Amino acid sequence: MEAPASTLKSVGKADVQEDYHGSYRFAPIEEAQVSRAMIKRYFDTMYERAVSDVVIVGAGSAGLSCAYSLATRRPDLKVTIIEANVAPGGGAWLGGQLMTAMVIRKPADNFLREIGVPYEDEGNFVVVKHAALFTSTLLSRVLALPNVVLMNATSVEDLIVRTDFENKERVSGVVTNWTLVALNHDTQSCMDPCTITAPVVVSTTGHDGPMGAFSAKRLISMGLNKELGNMRGLDMNRSEPAIVNGTREVVPGLVMAGMELAEHDGSNRMGPTFGGMIGSGIKAAHEAIRMLDA
Ligand code: AHZ
């Protein structure tokens, strides 16, 4: 095989060379430059996003669909996504039972064309060959948007609730901590959190589990809601329209979307079909815009 031409270039005072025959030469770097490059950006971002326009809690299929839809429609908005896991994407890296293909019912296939994910058409539904293709494409589209920030490995530990001018309680932001800290509150002395204020919070934390249904449960422990509806058994035909059509501002300042809403409302689960998550995320974006424009 012919050897690739090596490319010797000067960068500042140094020579760099892309050569795969033993003479690859990097531009020099100081360790502190690496640290400072990360630290400055991270804390500048935290400083800037301490006041956001919309906070999305959870970067699963519903949260990411919401972020894309919202941030593309309204480039003027500061959209901040908080994701507890190191890896964003929630349950959308696989289809069902740890299998790779992802099923999406029509008309949610419109979103696949919008973000550029190929699929096979099966008539009433489409199939993406690997759920990771959907999630990685959506994630890359979301992260490329200049008005979106994603803070992963960061948990929402609580909600900020203020009283408005009519003395009504309103969700006005989120209380955050690094997830490794959030997981260790039982083993360490008090480790106080940080906050992000925002006129709209969209909660998409998934169904109940170690981390899921966070806001649905917190609304009850704070007395803003009476009881959890509890997700019902699986019925694909009832569940997906119920989630999309039910996506709304459940208490002032807080929109709930995705499977968390099934816990809140007591609607059915749909299992491994993701059109409802896409539609719910897009509906949540419309709700957020309506609230901000009101
Ligand atoms: O890590 C969670 C996941 O990525 C994140 N999350 C949960 N609690 C959080 C907190 N702070 C920050 N307190 C938090 N992040 O929220 C994300 C939820 O993603 P998901 O994929 O679990 O939920 P979704 O509603 O976007 O998608 C649900 C997909 C399902 S479940 C299901 C069924 O069981 O029948 N069917 C479908 C399509």
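**Annotated sites, ligand shell and local packing in a predicted model**

Cys190 is located in the loop that connects helix H5 (179-182) and strand S11 (194-197). The model is predicted. For Cys190, UniProt lists "modified residue: 2,3-didehydroalanine (Cys)", in an unreviewed entry. Cys190 counts as exposed because its C-beta neighbours inside 10 Å number 5, and the limit for an exposed residue is 12 or fewer.

A second annotation from the unreviewed UniProt entry, "binding site", covers Ala62, Glu83, Ala84, Gly91, Val156, Asp192, His207, Met259, Arg269, Met270 and Gly271. These positions are spread over 210 residues of sequence, and they are also spread in space, with C-alpha atoms up to 37.7 Å apart. Two of the annotated methionines were examined further. Met259 belongs to helix H8 (residues 259-265). Met259 is classed as buried because it has 31 C-beta neighbours inside 10 Å, where 20 or more are required. When residues up to four places away in sequence are not counted, Met259 touches Gly206 and His207; His207 is itself among the positions covered by the "binding site" annotation.

Met270, by contrast, is placed in a loop, between strand S16 (268-269) and helix H9 (275-293). Met270 is also buried, since 23 other C-beta atoms lie within 10 Å. Its contacts, again not counting residues up to four places away in sequence, are Leu234, Met236, Ser239, Glu240 and Gly276.

The ligand is surrounded by 31 residues, of which Gly58, Gly60, Gly90, Gly206 and Gly258 come nearest. One of these, Gly206, is also touched by Met259. By class, the shell is made up of 13 nonpolar, 15 polar and three charged residues. Helix H2 (61-73), strand S9 (154-163) and H8 each contribute at least two residues to the shell. H2 gives the largest share, three residues.

The largest nonpolar core has 66 residues, and within it Val54, Ala67, Val201 and Val202 touch the most other members. H2 again supplies the largest share, here seven residues of the core. The surroundings of Val201 were examined with its neighbours within four places in sequence left aside. Val201 is then in contact with Val55, Val57, Leu159, Val171, Gly173, Val174, Gly253 and Leu254.

Helix H6 (residues 214-221) has Phe214, Ser215, Ala216, Arg218 and Leu219 as its buried residues. The elements that cover these residues include strand S3 (54-57), S9, strand S12 (200-203), strand S14 (248-251), strand S15 (254-256) and H8. Both S9 and H8 also supply residues to the shell around the ligand. Just after H6, Gly223 adopts a positive phi of about 85°.

Helix H4 (residues 131-144) contains Ala144. Ala144 is exposed, as 9 other C-beta atoms lie within 10 Å. Between Ala144 and Tyr68 the C-alpha to C-alpha distance is 9.9 Å, while the two residues are 76 residues apart in sequence.

An open sheet is formed by three strands in the order S5-S7-S6, and the pairing is antiparallel. Strand S5 (102-105) and strand S6 (120-121) are the edge strands, each pairing on one side only. S5 is joined to S7 by four bridges in the antiparallel sense, and S6 is joined to strand S7 (residues 125-128) by two bridges, also antiparallel. On the S5 side, Val103 has Val127 of S7 as its bridge partner. On the S6 side, Glu120 has Val127 as its bridge partner in S7. Val127 of S7 is thus a bridge partner of residues in both edge strands.

S6 and S7 form a hairpin with three residues between the strands, in which Gly123 takes a positive phi near 100°. In a regular strand, side chains alternate between the two faces of the sheet. In S7, Val126 and Val128 make up a covered face, whereas Phe125 and Val127 make up an uncovered one.

Notes:
Residues are numbered from 1 along each chain as its sequence is written. This is a predicted model: local features need pLDDT of at least 70, side-chain atom pairs count only at pLDDT 80 or more; totals for chains, interfaces and linings use all residues. UniProt positions are given in the numbering used here, feature names are shortened, and annotations may be inferred rather than shown by experiment. Two residues are in contact if their C-beta atoms, placed from the backbone, lie within 7 Å. A residue is near a molecule or strand if its C-beta atom, placed from the backbone, lies within 6 Å of it. Ala, Val, Leu, Ile, Met, Phe, Trp, Tyr, Cys and Pro count as nonpolar, Asp, Glu, Lys and Arg as charged, and the others, Gly among them, as polar. A nonpolar core is a set of buried Ala, Val, Leu, Ile, Met, Phe, Trp, Tyr and Cys residues joined through C-beta atoms within 7 Å. Two strands pair if DSSP finds at least two bridges between them.
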